[in-house]
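Grab a pencil and get ready to work through a few exercises. Try each task yourself before you read its solution.

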Amino acid sequence: MSGNDFDEIGSINIGPIDPRELQQAEHAVEQDYYVAVLVLEATSDAADHTPLYEESFVLLKAESAEEAAEKAADHGKQQETSYQNEDHELITWKLKQVVEVKPLEDATFDDGTELYSRFFRNYQAYESFEPLTGEEA
């Protein structure tokens with residue numbers, strides 16, 4: 001090794017250090033993971049249209065619950081779109097509601113990691129809410 005690789009006390013020369021970079025690292029706020037539950041609604045100008053809803057679970061990284069809620073709403077707004085279907089009917093997807101934003105208790109993302117849960121008392125209401133089957137799509 002040349003004499004330029006080590007200084008007098010045997011340390012590696014890493015070049016100049018910008019103290020602003022160290023300050024930024026010291027003041028960096030740790031971000032946490034959140035899960036947001038969004039509901040989007042599809043409407044149409046067709047006379048016989050029945051609204052279609054999508055429940056979406058979105059992973060967010062934020063410094064606070066407030067920031068996570070803002071990011072959830074922004075994400076939902078970004079999903080909004082309009083297009084003409086094959087029958088030339090206008091379909092419009094809009095964010096209906098940000099249902100909930102919760103911090104993830106375990107952000108290890110291993111097999112079996114729980115991303116979202118909620119409690120409810122009315123099982124009949126829950127049971128009546130079934131996802132679309134292949135026959136209905």
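Below are five short exercises, each with a worked solution.

Before you start, know that this is a predicted model: local features need pLDDT of at least 70, side-chain atom pairs count only at pLDDT 80 or more, and totals for chains, interfaces and linings use all residues. Residues are numbered from 1 along each chain as its sequence is written, and side-chain values use heavy atoms, with hydrogens and water left out.

**Exercise 1: the overall layout**

Work out which pattern the chain follows along the sequence.

Step 1. Start with the tally: there are three helices and four strands. Helices (H or I, at least four residues) and strands (E, at least two) are DSSP runs, numbered from the N terminus.

Step 2. Now read along the sequence, and you get α-β-β-α-β-β-α.

Step 3. Check how much is tucked away: 19% of the 137 residues count as buried. Buried means under 20% relative accessible area, exposed means over 50%, and partly exposed is in between (1.4 Å probe, protein chains only).

Step 4. Look at the contacts, meaning heavy atoms within 4.5 Å. Among those between residues at least 6 apart in sequence, 58% join residues at least 24 apart.

**Exercise 2: getting to know S44**

Find out where S44 sits and what its side chain reaches.

Step 1. Locate S44: it belongs to strand β1, which covers residues 32-44.

Step 2. Is S44 buried or exposed? S44 counts as buried because its relative accessible area is 18%.

Step 3. Look for polar atoms around the side chain. One of its polar atoms is 3.0 Å from the backbone nitrogen of A46, and the S44 side chain also reaches the backbone oxygen of L90 at 3.3 Å.

Step 4. List the other partners. If you skip neighbours within four places in sequence, S44 is in contact with H49, E89, L90 and I91.

**Exercise 3: hunting salt bridges**

Search the whole structure and say how many salt bridges turn up.

Step 1. Set the rule: a side-chain nitrogen of Lys or Arg must lie within 4 Å of a carboxyl oxygen of Asp or Glu.

Step 2. Apply it everywhere, and you find three salt bridges.

Step 3. Take K96 and E41, whose closest N and O atoms are 3.8 Å apart. This pair links distant parts of the chain, with K96 in strand β4 and E41 in strand β1, 55 residues apart. E41 is buried, because its relative accessible area is 16%.

Step 4. Move on to E55 and R118, which meet at 3.5 Å, N to O. They link distant parts of the chain too: E55 is in strand β2 (residues 52-62) and R118 is in the loop between β4 and α3, 63 residues apart. E55 is partly exposed at 32% relative accessibility, and R118 is partly exposed at 43%.

Step 5. Finish with E80 and K77, where the N to O distance is 3.8 Å. E80 has 25% relative accessibility, so E80 counts as partly exposed.

**Exercise 4: rings that pair up**

Count the aromatic pairs, then describe the one between F120 and Y126.

Step 1. Here's the rule: rings of Phe, Tyr and Trp (its six-membered ring) pair if their centres lie within 6.5 Å; planes under 30 degrees apart count as stacked, over 60 as edge-to-face and the rest as tilted.

Step 2. By this rule, the count is four aromatic pairs. One of them, F120 with Y126, is stacked, with 4.6 Å centre to centre and 15° between the planes.

Step 3. Zoom out a little: ring pairs link F120, Y123 and Y126 into a cluster.

Step 4. Check the accessibility. F120 is partly exposed at 45%, and Y126 is partly exposed at 44%.

**Exercise 5: two strand and helix residues**

Compare the surroundings of S56 and K71 by listing what each one touches.

Step 1. Place S56 in strand β2. At 17% relative accessibility, S56 counts as buried.

Step 2. Leave out residues up to four places away in sequence, and S56 touches A36, V37, L38 and L40.

Step 3. Place K71 in helix α2, residues 65-78. K71 is partly exposed, because its relative accessibility is 32%.

Step 4. With that same sequence cut-off of four places, K71 touches L60, K61 and A62. The C-alpha atoms of K71 and K61 are separated by 8.8 Å, and the two residues are 10 residues apart along the chain.

Technical notes
Polar contact = N/O pair within 3.5 Å; in protein donor to acceptor, adjacent residues only side chain to side chain.
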